[in-house]
Amino acid sequence: MSYILLPFQFKTFDNKSLLVNQAGEHLFLPLEAFNAFVKQELQVDDRYYNKLKAKHFLTNEEEKETVIEMLATKLRTRKEFIMNFTSLHMIVITLRCNCLCKYCHASSVDLESKNYDMDWETAKKTMDTIFQTPSMDIKIEYQGGEPLLNWDILKQSILYAEFLNKIAKKKLGFVICTNLMDITDEQIKFCKKHNVEISSSLDGTKDIHDCNRVSRIYDSSYEAFINNSTRVRKVLGDDGCSPLLTITNKNINRLDEVIDEYAKQGYQSIFLRALNPYGNAIKNKDSLGYSVEEYVNAYKDALSYIIGLNRKGICFTECFTALFLSRILTPFSTGFVDLQSPSGAGISGTIYNYDGKVYPADEGRMLARMGDDFFCMGTVNNTYDELFNGKVIRDIVFNSCVENMPVCSECVYQQYCGADVIRNYLETKDLMGYRLNNDFCKKNKLILDYIFELLSKDDEQMLDIFWAWITRRPYKAVQLEQN
Ligand code: SF4
Ligand code: SF4
């Protein structure tokens, strides 16, 4: 025997095998070479031998210890997000909202229900808790409802966070997730002065947006969004406002039009995002929903459309694919909560509700709105240790390492995927869930199959486009670098 096999997962397609190792390195092998490799019959001068060795799928007795150490270093790099505990802190500053979106995951309340606003005492304690995080990088994201409806508390809490940061000296950033129905010049000016980014929503053309995102105060939520996002971008710059898309059956077969609408409004990226089974999205499932297969077919068409735009010289990124590509083609973790092992819930992001309750993820809070407080970690009156070293976080970590989970532990995509414990619990009452009929798993598998199908084509132009997405540079700059 001239070589030793190192641990890897694999999947066989028509005429080739995809291999992925613990460090997330991947390689395609023709079936014949794969069979020879696993039987330890590959010769040292075989063209695949060196590739397998370079990517740490095989080693020899002399180099074994060094190679295992290198693999361990790469694995540590991919798991670095665990060390940066916890960087994203979301605050539900109010549940009141001036919209009535058909899929509202947050189960927002009407404008008069002021008892759903966070008060100053809770906001102050929330900031005190946030600043105890070991992470040197803190992003505070205001959510709702519509956060701007509780402006005084929101503003005061930003000023208080900046005050706390004079001592903490962390990298501090703010985001307000607003539907942009109403934003005043004073609020925009404040955002500019305090480097607050705006995140909003755009579901497509006027008819789609108005249908999905019904305003409680205006005839057209689309027109309010367009007018106000233009005002915001004039002051904060084009990147100061980024919209999110929610895919319902109203726009699932019109994603090319949705992408054109984003490009028309001057946005250079889109995040293709499926409906989640919470709040109104569950109540209105029959009129909004679609199957995983329908979603993945629409995703494939949309991705081809976006790649086509890039081939024509139009810079445009699909962010969900970019996340996967980044995990496949670079050694780094992406920090995306849903694609982490252990789950990023609580570790990468945490959410503080208007009433002071703390949850590991927005979905945990959404579940609480649906009557199940299972994921409540405690309140801002608890100590940091009680919240973040408590049973909820421990159970999540214990039940969300894909490397040990049934089905995931043998899956070739394990290093690129993650565990959605809250959704598992919602569907099966078990944090680990049941992969064989699980939509999260089915969707990720089908999407990763497609991404690897594209990667296996060795289409250089497409690979340059993908690198441009990962490195957030114009495609032309990547092309120049390659030449
Ligand atoms: S999705 Fe957002 S904007 Fe729409 S009703 Fe819910 S909280 Fe309001
Ligand atoms: S959830 Fe599914 S796709 Fe993801 S690692 Fe587990 S088995 Fe693989």
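Start by selecting Tyr142. Leaving out residues up to four places away in sequence, tyrosine 142 touches Ile91, Ile93, Met127, Pro147, Leu154, Ser157, Ile158, Phe174, Val175, Ile176 and Cys177, where contact means heavy atoms within 4.5 Å. Before going on, note that this is a predicted model, where local features need pLDDT of at least 70, side-chain atom pairs count only at pLDDT 80 or more, and totals for chains, interfaces and linings use all residues. Residues are numbered from 1 along each chain as its sequence is written, chains are lettered from A and ligands numbered from 1 in the order in which they are written, and side-chain values use heavy atoms, with hydrogens and water left out.

**The cores**

Now add Met127 and Tyr295 to the selection. Together with Tyr142, they touch the most other members of the largest nonpolar core, which holds 129 residues. A nonpolar core here is a set of buried Ala, Val, Leu, Ile, Met, Phe, Trp, Tyr and Cys residues joined through side-chain atoms within 4.5 Å; buried means under 20% relative accessible area, exposed over 50% and partly exposed in between, with a 1.4 Å probe and protein chains only. Colour helix H12 (residues 292–311) next, as ten residues of this core come from there, the largest share. Helices (H or I, at least four residues) and strands (E, at least two) are DSSP runs, numbered from the N terminus. Domain 1 (4–78) and domain 2 (84–242 + 277–288 + 334–387) both contribute residues, so the core lies between them. Those domain bounds come from an automatic or database domain assignment. Measure between the C-alpha centres of the two domains and you should get 44 Å.

Apart from that core lies another, with 15 residues, including Tyr3, Phe34, Tyr49 and Leu58. Tyr49 makes a good stop: this tyrosine is in helix H2 and counts as buried at 5% relative accessibility. Setting aside neighbours within four places in sequence, tyrosine 49 is in contact with Ser2, Tyr3, Leu42, Gln43, Val44 and Leu58. Alanine 33 is 16 residues from tyrosine 49 along the chain, and their C-alpha atoms are separated by 9.3 Å.

**Backbone oddities**

Most residues other than glycine have a negative phi, and most peptide bonds are trans. Here are some exceptions to click on.

- His56: phi is near 65°, a positive value in a residue other than glycine. Histidine 56 sits in the loop between H2 and strand E5 (58–59) and is buried, at 6% relative accessible area.
- Ser107: phi is positive here too, at about 50°. Serine 107 is in the loop between E6 and helix H4 (120–130), and counts as buried at 10% relative accessibility.
- Ser341 to Pro342: this peptide bond is cis, with omega near 0°. Proline 342 belongs to the loop between H13 and strand E13 (349–352).
- Phe85 to Thr86: another cis bond, with omega near -15°.

Stay on Phe85, which is in the loop between helix H3 (64–78) and strand E6 (88–92). Phenylalanine 85 is buried, with a relative accessible area of 18%. Beyond four places in sequence, phenylalanine 85 touches Thr133, Pro134, Ser135, Gly346, Ile347, Tyr384 and Phe388. Isoleucine 351 is 266 residues from phenylalanine 85 in sequence, yet 14 Å away in space, C-alpha to C-alpha.

**An enclosed helix**

Select helix H13 (residues 319–329). Nine of its eleven residues are buried, so the helix is largely enclosed by the rest of the structure. The buried ones are Phe320, Thr321, Ala322, Leu323, Phe324, Leu325, Ser326, Arg327 and Ile328. Show E4, H3, H12, strand E12 (317–318), H18 and H19 as well, since they are among what covers those residues.

**Empty space**

Switch on a surface and go to the second largest pocket, of about 420 Å³. Of its 15 lining residues, His26, Phe28, Leu455, Ser456 and Asp458 lie nearest the centre. On a 1 Å grid over the protein atoms alone, a pocket is an open set of points with protein on both sides within 12 Å along at least five of seven lines, a cavity is a set where a 1.4 Å probe fits but cannot get out, and lining residues have an atom within 4 Å of a point. Points are joined across faces, edges and corners, and a volume is the space filled by probe spheres set on them. E4 gives the most to this pocket's lining, with five residues.

Last stop: the largest cavity, with a volume of about 120 Å³. Cys408, Cys411, Cys417, Cys441 and Lys445 are the closest to its centre among the 14 lining residues.
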